[in-house]
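The following exercises concern salt bridges, burial and helix packing. Please work through each task before reading its solution.

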Amino acid sequence: MVSIVTSGVVAFLTVMFSGRQQRRAADRAERDQLNARYLNPLRWQAAEVHYRLAFIGAAVERTGSYAPALAVEQPSQVQGKDPAWFNGHGCALLSATYLIAGLFAQLKRVRDDFPYLRLAGDDDTQLAALIVRVQLAFLRDGGVYYAVQPSIGDDVLCDQGNRVRTYREFCELLMDPERRVWLDILIHFTLETAQGRKQQRLHDVLDAVRDLSDFLDRSLAGGQSLRARWAAEGARMDARELPRGTVPPMR
């Protein structure tokens, strides 16, 4: 009788613990899937934007401006340009604009589907605060208005919000004057940055994007995205060793 009872208890406990392990495995798989869908793309886009803006900022500190991006004087002058211009003279300006628009798109995706994300501890609260900080940094000194940022993000999303437009698709969007006008404010932001204007705003953006990137690195148990991005270009950069408000040097 004791043996039967013992066997029954052991069988019950085995099933119970096995069920818990299966649920935990399922939870981890779901979390990994959500991270792959939302946080990893945001992490990649943050590193791209930080690198490009830091590169422009370094050129501004050296020479006063970033000449390759000064392809027009006003956003409206993009109108009427042909594809060769977007791939040539206008590429430095509009590729930087495109990367920032992509960041707005990834931020919008995360914020729209935030209830579905499952982060450890109070990481969800911290992520929300970091996203708002990035948005406020872009807003500073007449930058890209808070309400316009997700609108721009929505413009560059396609396939029911599952994909960011390619650079070619983005440029084709700009060729339509009625649609381009909604992106003029972001082109103006990139122009001001390349002209060396509103440098404190640039520093604030770099700080905010860097902190978001660091948080995502920790949350996803990944490497240092910003350092890896600069290393991929053959440049040296360590954002954590630089004083706040400075721009990483170019080689």
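The model is predicted, so local features need pLDDT of at least 70 and side-chain atom pairs count only at pLDDT 80 or more, whereas totals for chains, interfaces and linings use all residues. Residues are numbered from 1 along each chain as its sequence is written, and side-chain values use heavy atoms, with hydrogens and water left out.

**Exercise 1.** Determine how exposed Arg140 is and which parts its salt bridge with Asp204 ties together.

*Solution.* Step 1: Arg140 has a relative accessibility of 35% and therefore counts as partly exposed; buried means under 20% relative accessible area, exposed over 50%, and partly exposed in between (1.4 Å probe, protein chains only).
Step 2: Its side chain meets that of Asp204 in a salt bridge, at 2.6 Å from N to O. The term denotes a side-chain nitrogen of Lys or Arg within 4 Å of a carboxyl oxygen of Asp or Glu.
Step 3: Asp204 belongs to helix α9 (residues 199-219) and Arg140 to the loop between α4 (123-139) and α5 (148-156), so the pair ties together parts 64 residues apart in sequence. Helices here are DSSP runs (H or I, at least four residues), numbered from the N terminus.
Step 4: The structure holds 16 salt bridges.

**Exercise 2.** Trace the salt bridges of Arg210 and state which residues form one network.

*Solution.* Step 1: Asp207 pairs with Arg210, with the closest N and O atoms 3.1 Å apart. These two residues are three apart in helix α9, hence separated by about one helical turn.
Step 2: Asp211 also forms a salt bridge with Arg210, at 4.0 Å between the closest N and O atoms.
Step 3: Arg210 is buried at 7% relative accessible area, and Asp211 is buried at 17%.
Step 4: Through shared partners, salt bridges join Arg133, Asp207, Arg210 and Asp211 into one network.

**Exercise 3.** Describe how helices α8 and α9 cross and which residues make the contact.

*Solution.* Step 1: The axes of α8 (residues 184-194) and α9 come within 9 Å and cross at roughly 110°. Axes are lines fitted to C-alpha atoms, for helices over the stretch in contact, with angles from 0 to 180 degrees between N-to-C directions.
Step 2: α8 is thus roughly perpendicular to α9, a label for angles of 65 to 115 degrees.
Step 3: Phe189, Glu192 and Thr193 of α8 meet Arg201, Leu202 and Val205 of α9, contact meaning heavy atoms within 4.5 Å.

Conventions: Parallel < 35°, antiparallel > 145°, perpendicular 65-115°, else oblique.
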